[in-house]
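This report takes up two loop positions, then the fold as a whole, and finally the surroundings of the ligand. The sequence and structure come before the discussion.

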Amino acid sequence: MARQLDPTTRDALIERVRFYRDLGLTEFYRRPVDPALVAAEAMQGEQEGQLPAEPPAAGEPDLASEPRENAKRPALFADIQPANSFQEPPIPARKTFPAPPEIAAAIPPAERQAALRVIREEMGDCTRCELHKGRHELVFGDGDAAARLMFVGEGPGADEDAQGLPFVGRAGQLLNNMITAMGLKREEVYIANVVKCRPPGNRTPAPEEANTCSPFLFRQIDAVRPEVLVALGATAATYLLGARQPLAGLRGRVHSFRGSRLIVTYHPAYLLRDPRQKKEAWADLQIAMRELGLKAPGRS
Ligand code: URA
């Protein structure tokens, strides 16, 4: 049976995994615990008088004050196998990504808003994946349908889920600042996410969820046909490029993607956690600006 982590350790672990994910380290393998090691650890704890860890509940015997031979042995001992019978299972093969839909023909700028409306209507009151169960609002996208620049994030958070708009929370404020620093207004760009419904607890979308939703994102990209697309973070980069790669290897260069140029940078939520990386993100945005022929405001 899975061991329950205490809430503090669990939260710290979630935070650490998010941090790695933002760095582009997205595949983790959980190594099954060697029962012999667990048993040895428990035995050591027992010898050091660490059993039981918590005071007894009312009416329960105080195991710590009982003779050790009467102390309840932890359930971990139940199915111990000899150390040499333990075998690590092979690491599973990397999942492949479904082929993206064919690139649609470019639409005249004046018709792009209507094209986006058609995609939104097709999504309807979407129940194609599990994420619909917890959502308040489906967050389709926002901005200028004929934008030269489009940003792609991971998925809505709580604020976005409440308002039905992408990037309106803290990460959104930072994204707005990044857009302003580029000399643009938020209304001049288009913003969408890999998944349109909030993953519970803001977890990373599962591959099934992202793969179910991303064809709509591809169609949005085809409709807007931005000159430059900026993938915010590892999830966006992964599902756009159809390959899991560390962010470090994707940043700092221009990729070609569905008729647009694609730049990969850090997710604003990651930059909120580690503001030292803002300089790096700004360097990425400057690549996007160069591609668009933009100069930062205040510089001639
Ligand atoms: N994070 C995202 O990836 N997208 C949003 O819309 C908000 C936060």
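## Loop position N202

In this predicted model, N202 lies in the loop that runs between β3 (190-193) and α6 (207-224). The backbone of N202 has a phi near 60°, which is a positive value in a residue other than glycine. N202 counts as partly exposed, because 15 other C-beta atoms lie within 10 Å, whereas a buried residue would need 20 or more and an exposed one 12 or fewer.

## Loop position R258

A positive phi in a residue other than glycine is also found at R258, where the value is near 45°. R258 belongs to the loop between β5 (255-257) and β6 (260-265). With 17 other C-beta atoms within 10 Å, R258 is partly exposed.

## The fold as a whole

The protein is built from ten helices and six strands, and of its 300 residues 31% count as buried. Among the contacts with a separation of 6 or more, 77% are accounted for by residues 24 or more positions apart.

## Surroundings of the ligand

The ligand is surrounded by G153, E154, G155, P156, G157, E160, P166, F167, A171, G172, N193 and A269. By residue class, this shell divides into five nonpolar, five polar and two charged residues. E154 and E160 are in the shell and count as charged, because Glu belongs to that class. The residues around the ligand also include N193, a position that falls within the range of β3 (190-193).

Key. Residues numbered from 1 in each chain as written. Predicted model: local features only at pLDDT ≥ 70, side-chain atom pairs only at ≥ 80, totals over all residues. Near = placed C-beta within 6 Å. Helix = DSSP H or I, 4+ residues; strand = E, 2+ residues; numbered from the N terminus. Contact = placed C-beta atoms within 7 Å.
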